[in-house]
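Visitor: Please take a close look at one strand and its surroundings. I would like to know how it is paired and how the chain leaves it.

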Amino acid sequence: MKVLHIPCLDDNYSYMIIDETTKEAAVVDPVEPHKVLRVAQENEVDLKFVLTTHHHWDHAGGNDKIKQLVPGIKIYGGSVDNVRGCTDKVENGDRVSLGVDISILALHTPAHTKGHISYYVTDKEGEDPAVFTGDTLFIAGCGKFFEGTAEQMYQSLCVTLGSLPKPTLVYCGHEYTVKNLQFALTVEPDNAKIAQKLAWAERQRRVGLPTIPSTIQEEFESNPFMRVDLPEVQDKVGCKSPVEAMREIRQRKDNWKG
């Protein structure tokens, strides 16, 4: 399995997932279809389907165009998310295969939108799995709760995504990592992992490189929203439960002027 970053718009990422045995590919959130097709041609792959994480235009806005450009392409999207151009609705637990080696599991991860889907991708070679988290889980952050609650985001991040194997690679929808880590330090000023990752992320961005992927393990170490189960993090924000801490940290992030 090979994953290619495709930078789009100002700070979005689309991703191409390639089954190297068959040269079949899928693309996550192809908001700029022409860029995606150029990458497909350069890598000589056959684009089979689109995995849409959620209905917002900067993720689903290229779906209609890619259907015109690639006749017969399938567009997967969450069954309750009203995804533009969707041909095949998926629910939590649905599986899709790509080529001969790759299996994709749909995980319902609501809160940013009510039907948001993250896609957990494994291959038969036994390489580290990957999860494409759209705007639910960012590196060191999470999406705003536009259509959901702190309870739902806790479930999505800490239970659903948090139960994936620790080495799982995390590919999210935006390059927000530096700002997220700067904010994370305001929650946990003494967390050395956050400070180290921030220094690394700043170096990456200075030379125009992505800060993605992360891993589930790293997110448990440096993402305040995935650390809300820890009593010391709850204490730092004056809360008594994980969900209360999730709500408080999100509110602080929404008002943060960093």
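Guide: What follows describes one strand and its partners, and then a second strand for reference. The model is predicted.

The strand is E3, residues 24-28. Four of its five residues are buried, under 20% relative accessible area, so E3 is largely enclosed by the rest of the structure.

One partner is strand E2, residues 12-19, which runs antiparallel to E3 and is joined to it by five bridges. Within this pairing, Ile 18 stands opposite Ala 25 of E3. E2 and E3 form a hairpin with four residues between the strands, where Lys 23 takes a positive phi near 65°.

Another partner is strand E4, residues 46-51, and here the pairing with E3 is parallel, again over five bridges. Ala 25 stands opposite Leu 47 in E4. Ala 25 therefore has Ile 18 and Leu 47 as opposite residues, given that strands pair through bridges. To get from E3 to E4 the chain passes through helix H1, residues 33-42, in a right-handed β-α-β crossover.

For reference, consider strand E8, residues 102-108. Five of its seven residues are buried, so E8 too is largely enclosed by the rest of the structure. Strand E7, residues 95-98, pairs with E8 in the antiparallel sense over four bridges, with Val 96 opposite Ile 104. Three residues separate E7 and E8 in their hairpin, and Gly 99 in the turn has a positive phi of about 60°. E8 also pairs with strand E9, residues 117-123, in the antiparallel sense over seven bridges; there, Leu 107 has Ser 118 as its bridge partner.

Notes:
Residues are numbered from 1 along each chain as its sequence is written. This is a predicted model: local features need pLDDT of at least 70, side-chain atom pairs count only at pLDDT 80 or more; totals for chains, interfaces and linings use all residues. Side-chain values use heavy atoms; hydrogens and water are left out. Buried means under 20% relative accessible area, exposed over 50%, partly exposed in between (1.4 Å probe, protein chains only). Helices (H or I, at least four residues) and strands (E, at least two) are DSSP runs, numbered from the N terminus. Two strands pair if DSSP finds at least two bridges between them. A crossover is right-handed if, with the strands pointing away from the viewer, the path from the first strand over the helix to the second runs clockwise.
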